[in-house]
Amino acid sequence: MQDRRSNSDRRAETRSALIRSARTLFLEKGFTATGTPEIVQQAGVTRGALYHHFKDKQALFLAVVEAEAAQVAQEIEVVASGAQTPMVALLDGARAYFNAMRQPGRVRLLLLEGPAALGPETMRRIDLETGGHELRCGLSEVLGEDTDDARLNALADMISAMFDRAALASDTGADATAYEDAIERVLHMLHRHSTT
């Protein structure tokens, strides 16, 4: 029987296989210790296929991190979209973030390996296109449309750092509930301050 998949389908399957295999290996060994021969072997493709889709190992790692961050943002959006008020959406989104970051390997990829391998500016860009965007939208709705961009961006950056620190602590065995409750209290205080 003839293979009826289109070239674009085959390309998409190859790209997906490379990203899945790379994710597994980057989690097992880290970015630096993972070699491209291992990735192509695990993906069941050729080195030529790897370099057809990605300039180098770093570009493949970037694709892995972008996919992971997009998944986190999607999980936040799904949970927060049904909320009755902006504040409830922000709180639901916070809980969704912590749940999403409990996925094995996410903390390592997004908060440890990502910044080390890709640098802070690239990670900031990814954040602003994914979960950071969701946070800014939520804060904007809670604080009101008259909040200037500089204040909104500063608050979002600081709150994002709190979220990441809490996820890192939880991943290393700290009491996740204590961190999540603390962030919820901060969000409530911010909301109270914005309405006074």
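In which handedness of crossing does α5 pass α10? Keep that question in mind while we get to know the whole protein; the answer comes once we meet the two helices. The model here is a predicted one.

## The overall picture

The protein is built from 10 helices and zero strands. If you walk along the chain from the N terminus, the elements read α-α-α-α-α-α-α-α-α-α. Along its principal axes, the C-alpha trace spans about 65 × 35 × 30 Å.

How much of the protein is buried? Of its 196 residues, 40% count as buried. The protein exposes about 10900 Å², and carbon and sulfur atoms supply 52% of that area. Contacts also link distant parts of the sequence: among those between residues at least 6 apart, 66% join residues at least 24 apart.

## Two helix pairs that share α10

Now let us look at helix α10, which covers residues 176-194. It packs with helix α5, residues 86-101, and with helix α8, residues 131-143. Here are the two pairs side by side.

| Pair | Angle | Distance between axes |
|---|---|---|
| α5 and α10 | about 160° | 11 Å |
| α8 and α10 | about 40° | 9 Å |

Start with α5 and α10, which pack at an angle of about 160°. That angle makes α5 roughly antiparallel to α10, since angles over 145 degrees count that way. And here is the answer to the opening question: α5 passes α10 in a right-handed crossing. On the α5 side, the contact is made by M87, L90, L91, A94, R95 and F98. On the α10 side, the partners are E180, I183, E184, L187, H188 and H191. Sorted by class, this contact has seven nonpolar, two polar and three charged residues.

Next come α8 and α10, packed at about 40°. These two helices are therefore oblique to each other. L139, V142 and L143 of α8 meet L190, H191 and S194 of α10. By class, the contact of α8 with α10 has four nonpolar, two polar and no charged residues. You may spot a familiar name here: H191 of α10 takes part in the contact with α5 and in the contact with α8.

## A closer look at E68

Let us finish with a single residue. E68 sits in helix α4, residues 57-80. Is E68 buried or exposed? Its relative accessibility is 7%, so E68 counts as buried, the cut-off for buried being under 20%. Leaving aside residues up to four places away in sequence, E68 touches R23, R106, L109 and L110.

Definitions and conventions: Residues numbered from 1 in each chain as written. Predicted model: local features only at pLDDT ≥ 70, side-chain atom pairs only at ≥ 80, totals over all residues. Heavy atoms only, no water. Axes fitted to C-alpha atoms, helices over the stretch in contact; angles between N-to-C directions. Helix = DSSP H or I, 4+ residues; strand = E, 2+ residues; numbered from the N terminus. Parallel < 35°, antiparallel > 145°, perpendicular 65-115°, else oblique. Left-handed = near helix turned anticlockwise from the far one by under 90°. Contact = heavy atoms within 4.5 Å. Nonpolar A, V, L, I, M, F, W, Y, C, P; charged D, E, K, R; others polar. Buried < 20%, exposed > 50% of the residue type's maximum accessible area, 1.4 Å probe, protein only. Areas by Shrake-Rupley, 256 points an atom, 1.4 Å probe, with all protein chains shown as cover.
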